[in-house]
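Here are a few short exercises to work through with the model open beside you. Try each task before reading its solution.

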Amino acid sequence: MEDVIEFTRRNQGPEKAESLMDDLVARLRAAGMEVPQPVNTPYVNTIPPGAQPAYPGDRDLERRIKSLARWNAMAMVVNANRHETEVGGHISSYASMATLYEVGYNHFFRGGDGGGPADLIYFQGHTTPGNSARAFLEYRLEEGQMHNFRQELGEGGGLSSYPHPYLMPDFWQFPTVSMGLGPIMSIYQARFIRYLKARGLLQTKEEPRVWAFVGDGESDEPETLGALTLAAREGLDNLTWVVNCNLQRLDGPVRGNGKIIQELEGVFRGAGWNVIKVIWGSQWDELLAQDKSGLLVKRMDEAVDGDYQKYTVAPGSYIRRHFFGKYPEVLRLVDHLTDEELTRLARGGHDPRKIYAAYKAAVEHRGQPTVILAKTVKGYGLGEAGEGRNISHQQKKMNEKELREFRTRFDVPISDEEIAETPFFRPAKDSAETRYLMERRRKLGGFVPKREVKAEPLRTPRLEAFGELARGSGGREASTTMSFVELLKALVKDARVGRRVVPIIPDEARTFGIDALFSQIGIYSSKGQLYEPVDKGGLMSFYNETKDGQILEEGITEAGSMASFVAAGTAYANHGVNLIPFYIYYSMFGPQRVGDQIWLAGDSRAKGFLLGATSGRTTLNGEGLQHQDGHSPLAASTVPTLCAYDPAFAYEVAAIVCDGMRRMFEEGEEILYYLCLYNEKYAMPPRPAGCEEGIIKGLYKFKAGPEGKKHKAQILGSGSIIRSALKAQELLGERYDVSADVWSATSYKNLRNEALLAERWNMLHPCEPARRPYVRQALEKEGGPFVAVSDYMKMVPDQIAKWVPGGLSTLGTDGFGRSDTRARLRRFFEIDAECTVIATLYALAQRGELERKMVAQAINDLKVDPEKCFPEIVAF
Ligand SMILES: Cc1ncc(C[n+]2csc(CCOP(=O)(O)OP(=O)(O)O)c2C)c(N)n1
Ligand SMILES: [Mg+2]
């Protein structure tokens, strides 16, 4: 067999030799034989020593710089956990990553100061001390800040625990510490760059490269590996992943009984990625060259990660006996090495030459994304303080002996006298080290990471541009979703901002009626359309994929869609261009499904609109328990920079979107919006005069009750359930002598936040005239009890209860949904007009304004069974 291969290689070239195997497999299969599909290559480096380029840097200086980064990163954490601070931090993730980062910093990561594109780097969250230590050596951070690592509220400010653009907006670009989110974000970021390019919106001539540094344990997160095929399908050769395979996660080994590198190789290769394994350091090259029997490679393949972890902590004698000693031929290969030398046979991820070769191959590779699977040691250099130990991840303290060993191992110029204080160490500005690293960064275009907002503000359209929506539908029935789609259609035609709109949809465009936009602005596809769509030729829109399409039709991936949303919503900072993303999705699959990514969007300072369509527990009727959303506004209330709205009418949608666009894209506020959109159709009224401010603030009187009634009441409604309030208003007036005013509560969250701020100010300024929350100002002059009715949980309106004069009676949809008609669902949850009437009468009775038997009479008249079934909610 070897002869055949050698003969073919020599006479017909290496490519033919490679295809020979494929041919053979194909023929054996055709003959009906079962041939296993090889997904793995042997457990050795992908790049053979012969194909390794010369190292271009000064290895000695680079090692010194790296050692100082190691020291300062370790010192940050150790200092932060001294003297009763105990604020935590991680030493060992960066200890394993240091060489992987330093080769990048010195030779690959491009900054954006030289006019070229800045690379977009997703640094692994737990290695933050390493990035800070690097920035300290680069004179970007000062010692005071380093001392205040994880003490951001300390004097002079400090450094955030992890990468948070919200907390360090000039430094960090990408939050990565929620495992799995950095990786998926990086894929969609790389794809988004292609989208920008195709649409002529990328500001730089060259393409930025996206790097993602991923933990091997992190690869267990579904989001990490869930979008790999997209990256391959789109041929994202602008994307490089580095998986730091230190074989450990927090509790113990990632795959003690197997090999994470081999497992990931299979996954990535199967998904269509270019895989480069960096397993062994240079000292192993010679041993492998001597391995004529192939038994060393066999032994490498056999040993499991649990063994490899053990070799990190065990003496050389154990490695000799257990690893090499299994086969006499392999044992002989290391006869010339002492036990001590065996412990120093480094792994590939700690060898700059191997890493440089892998990075170079990755950035030069065309047509596919590349993953580098680099084998390292967790807690590298920490010795007994944590190198390769299962406690390594949690290690935050080091005693004096351990500090001395660390210092000596990495030649850090700190004396025994000073060591107990773990001082930071930075070479002078004119030292060889500083000059070298500064020069490297200058050549590569400046510092990374760096977040810089350069985008020009947009002139966004005013409300008048959407006059149709303000005028109402003239009796024609429309839903708020349809109204939003009308607005979107008008917006994409807007001369100033139309091209900046990025509609994002996870396979629900038809549900929401957005498919009309398919032919108008096209669906982005890097390949264009290689087939004739079945619906082409009709009068209606067709499934129109184009190379410069504007719509991101993501398919069924809310996680992927959110990643696109964040990429588009942060383009103002990462690509110098303001874009207006509208991500419209099935409301129930918003925060309930991708809540952590919405949180991340806030942290990222992403701007844009999230639109939860088919919302409302009873308004989305037939779909039942899984689909009916009765709580997303509550989840939205938890994200500090998210403005959450629940509009009832077309003109409210227009007012909110216009104001949002102005605030985000004209004024530059780094906030985002959430709107509940419903699919119930009803006549959209014209905009009452003077309600704009109330719409934005969260509450305004929509329709006053009739004059001349005996009783007065106030009903707050939102979304399509405002119609229960309006119908109740009629019933109360006609049958019960009650004049009820109906209010549209567009944002309970906003009302609450405004009130909280006012209250806090009052408490801290007790002698000054008190500020009056808007909600109180709006309601205090109104007569009668207050009742709120919502298609969401009672807690949504209850957010403002404490500022409502006399308190608030709330009707809402706590409990699991059911599939049924709207009418039956609304009775079941007790949010229909009849139940709203009863609640209002009861509230009047409680105030002594009405006799209780009137309420009982109404319950009877309105045919509400007091013993009816009701959604189960637990209580003890
Ligand atoms: C979604 C999520 N779950 C859990 C954690 C807690 N956590 C932080 S680091 C870590 C282990 C990380 O292991 P690995 O990815 O292998 O990184 P390493 O530190 O070994 O480089 C865990 C469980 C988290 N940050 N995010
Ligand atoms: Mg790990």
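## Packing of a helix

In this predicted model, the buried residues of helix 13 pack against helix 10, helix 12 (295–302), helix 14 (316–322) and strand 5 (370–375).

**Exercise 1.** Find which residues of helix 13 (residues 305–313) are buried.

*Solution.* Start by taking buried to mean under 20% relative accessible area. Applying this to helix 13 gives D305, D307, Y308, Q309, Y311 and T312.

**Exercise 2.** Identify the protein donors of the magnesium ion (ligand 2) and their spacing in sequence.

*Solution.* First, look for N, O and S atoms within 2.8 Å of the metal. The search returns D216 through OD, N246 through OD1 and Q248 through O, at 2.0 to 2.1 Å from the ion. Next, read the donor residues along the chain: their spacing is D-x29-N-x1-Q. D216 sits in the loop between strand 2 (210–215) and helix 8 (222–225), while N246, 30 residues apart from it, is in the loop between strand 3 (239–245) and helix 10 (260–271). Finally, check accessibility: D216 and N246 are both buried.

**Exercise 3.** Work out the strand order of the open sheet of 6 strands, then describe one of its edges.

*Solution.* Following the parallel pairings gives the order 10-7-11-12-14-13. At the edges are strand 10 (552–553) and strand 13 (642–645), each pairing on one side only. Now take strand 13: 4 bridges join it to strand 14 (residues 672–676), and Y645 has L675 of strand 14 as its bridge partner. To finish, add helix 29 (residues 650–666), which lies across strands 11, 12, 13 and 14 and runs at about 170 degrees to strand 14.

Technical notes:
Residues are numbered from 1 along each chain as its sequence is written. Chains are lettered from A and ligands numbered from 1 in the order in which they are written. This is a predicted model: local features need pLDDT of at least 70, side-chain atom pairs count only at pLDDT 80 or more; totals for chains, interfaces and linings use all residues. Side-chain values use heavy atoms; hydrogens and water are left out. Donors are N, O and S atoms within 2.8 Å of the metal (3.2 Å for Na, K and Ca); water is not among the atoms, so sites may look incomplete. Helices (H or I, at least four residues) and strands (E, at least two) are DSSP runs, numbered from the N terminus. Buried means under 20% relative accessible area, exposed over 50%, partly exposed in between (1.4 Å probe, protein chains only). Two strands pair if DSSP finds at least two bridges between them. Contact means heavy atoms within 4.5 Å. Axes are lines fitted to C-alpha atoms, for helices over the stretch in contact, and angles run from 0 to 180 degrees between N-to-C directions.
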